[in-house]
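Me: I'd love a close look at the charged side chains in this model. Could you take one residue as the way in and then work outwards?

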Amino acid sequence: MRKLWLSVTLCGCLSMATGVAAQSTTAPPDTTSSIGGIHLDDVVVYGAHNNFGVTSSQMSAIELSKKQIMSTPVFMGEPDVLKSLQKLPGVQSSNDGTAGIFVRGGDYDQNYITLDGSAIYNAEHMKGFVSAINPDVVQSVNFYRGGFPARYGSRLSSVLDVGIKSGDFNKYHGLLSLGMLSGRFQAEGPIWKGRTSFNIAGRMSYFGLIAMPILRSIYDRPESLQPYENMNYYDLSAKVVHRFNAAHRLSAVVYFGEDKDLNSPTMSTSHFSNKEDVYVRRENQYEQDSKRSSGMANNWHNLVSSLYWTADFNPHFRVNTNLSFSQYKYWLNYESTIERETRDWYRLYHLYSESSSIVQKNDISDLALTIDANWKPTIRHNIRTGAKLSYQSLSPGMIINKHSVTKTYRGSLNHSGPSPEPEYNILNDSIHSQTNKEQPINSFAVYAEDDFSLTERYKLNLGVRATAFKVDEKSYFSLEPRLSMRYLVTDGFSVKLSYSRMAQAIHRLISGNLVMASDIWVPITKDVPLMTSDLYGLAFNYNLPLGLEISVEGYYKTINNVLDYRNGSSAVMSEGDWETMVAIGKGRSYGVELMLERRVGNTTGWLSYTWSKALRTFDRPGDVIDAGKEFYASNDRRNNFSINVSHHIDLSHSFMLDLSASFSYQTGRRGTIPYTCLFGYTIRDYDYKVNDGHFSYWDVIAGKSEAKLYETYLGNPNLSPLQLFSYKTRNDFKLPDVHHLDITATLTHRSKIGDCSVGLSLYNVYNHKNISNVYVGYDKNHLVLKGICPFPFMPSLILTYKF
């Protein structure tokens, strides 16, 4: 049989506005074709996808097909776009089982994720368990981790360009699916046959109904699941396309997703005797009770919308105009109450009660107009040019409320009997602070690029992007040259070079606070400069027999003006502007990436390996961290290995079986932990309103009166117990390495009324205890580190019906 290896690249397949994925017009592969009236028998079209391989000038890019995404085994068996990306070279997960991605040493906020050209700021559901992108409506996923074309900007580390599939213009289709984590539906078809189509899909989770009881049955400490037991989400995606004629069409895309996480209040009570205190002489006379309760509510939602017009003026010239609007809202409320009292068997000596709440808010609005033109004047040139005008508004805010009451007995501790009318000092104290400042960014960008062939061996993609940013009291300008070059050594072997400069005007501040981790997006200001990066790459691509492709890439990246919290700072501790909490530094990363892939035949898959380093330095005056020495970034994970294999079997005319297996290995993630712990007391400021002139803190220090010292600590404490931790270098602690094997088997039955399939997934088959977080605990009165394994062996079942 004669086979033609074709890479189908249609004019404008990668067009649309900046960051807008193309609408695919590629027909399904056929086994016969005719060219110029000549009939070709047994022609098999392989690889009807973007040609990022040997012959392309583009490097550090890959297209994931919908089939690859749907067949990749992941946690709970839910198909997931971002978790599929984690198995590619240069990409790391934020944590085991979560969907966040870190690319080539960059942070999460340095990934530009778009749905048909509109930016989505938080592409995760359920604290990262699931990505916010519904794979049922995905047409194409183009992922760039380097060698960025000039039409892309706004972020430093990667571009994830997700195209939403247009609905069928002639027939109705759909699916219903029920899994252990969520239920899904999708429907598409004509509104006006041949002219207007729709595609709509939605998901809704029911984590607490099925998944949570199973997790509770296998966890050795089910109470550790409490922070996750009330998490739920839903999302809705829709696209409508109208064809005016063969050359003009109008498309509208809307996505809305919301997460809700309501943790019920937790109550803890401690009761202890002070008889072992060094200052107590009267055993069991005084006792102290402590009651604490806390609760947290966390909501966020994404709204993504776009309206774009596509005009094909002739076969060689296309213009796309895109008007997009994105909105992200984040809200977190943490409430707590504390009550402490000191008394003997009949008298209250000291009562302290406190109620507090911390509300963290983060609102982002993004309105953009983009015009993109794609022109092919000759067979050797493919020119892209365009402009983008955008307005972003960021409103990070914090509201802190605290009210406390202190009630202190004024009598003597040596009083032998109850006082008929006990006298108390009562002090009320309230604190209210609020920070919420809208900070807009206006930007305008123009770009031009030309992908052209110098000779049969040399091909270049040469471009430049210029962007102007305007914030309060200051303007920034960024000139971003881009270059990719391919040299074709043989027909199946090429060498590629690339350089790209990127600029970013927003930052996401991430705190390591375990009780209330921050999620604050902040803009550049007159004091916080534009973040930029320079990325250099070298690649070798080679086509092997049996449809195998292999690529080896090396890269070196520098980052300027990266932000991080100062030592001891976090969003929840802030009483002023966020700018006072952060330090400005620089970073660098470098590594080597390997990928072996096969897309043809019944057995497909890929193998990827990455060796990399990610480092940070904060040595500027006033912004020094770790004495200005270079330290590891939190996303530094030295080794990342993944192998993914899928196999299709036709059991009969109506039954088919799809088998998939995935093995992943990652070096443990980094963090900062205490190395020593000291116990002691601090001396509170003297308050004459409470102490009423009876004693001062000098009595405590000099130890003149044991009775007064005891009264100081119990009756009206000027001494407060204190636990001090000491740290070494930031991010010098590494968690154990993470690895797991996942398997999926899907049996499908085809009939006249539709396809019914049953999918069984086994996550972490050999039940390896992968540690995702640690905390300081106690073991026989000794401080120890205790690990948390959130994802042990987990089976899941998914039922799907397609019609």
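What relative accessibility does Asp755 have, and what does it count as?

Reply: Happy to. Asp755 has 24% relative accessibility and counts as partly exposed, where buried means under 20% relative accessible area, exposed over 50% and partly exposed in between (1.4 Å probe, protein chains only). Its salt-bridge partner is Arg750, with the closest N and O atoms 3.9 Å apart. Arg750 is also partly exposed, at 46% relative accessibility. Elsewhere, shared partners link Arg104, Arg145, Glu553 and Glu593 into one network of salt bridges.

A word on the ground rules: this is a predicted model, so local features need pLDDT of at least 70 and side-chain atom pairs count only at pLDDT 80 or more, while totals for chains, interfaces and linings use all residues. Residues are numbered from 1 along each chain as its sequence is written, and side-chain values use heavy atoms, with hydrogens and water left out.

A salt bridge here is a side-chain nitrogen of Lys or Arg within 4 Å of a carboxyl oxygen of Asp or Glu. Side chains of opposite charge can pair when their charged atoms come close. Within that network, Glu593 and Arg104 meet in a salt bridge at 2.9 Å, N to O. Glu593 sits in strand S30 (residues 582-598) and Arg104 in the loop between strand S5 (101-103) and strand S6 (111-115), so this pair ties together parts that are 489 residues apart in sequence. Helices (H or I, at least four residues) and strands (E, at least two) are DSSP runs, numbered from the N terminus. Both Glu593 and Arg104 are buried. Another pair joins Lys459 to Asp451, whose closest N and O atoms are 3.8 Å apart; Asp451 counts as buried, at 18% relative accessibility. The count of salt bridges under this rule comes to 26.

For a contrast in chemistry, turn to helix H3 (residues 211-218), whose buried residues are Ala211, Met212 and Leu215. They lie on the same side of H3, because they cover an arc of only 90° around the axis, taken from the directions from the helix axis to the C-beta atoms. These buried residues pack against strand S43 (794-802), with contact meaning heavy atoms within 4.5 Å.
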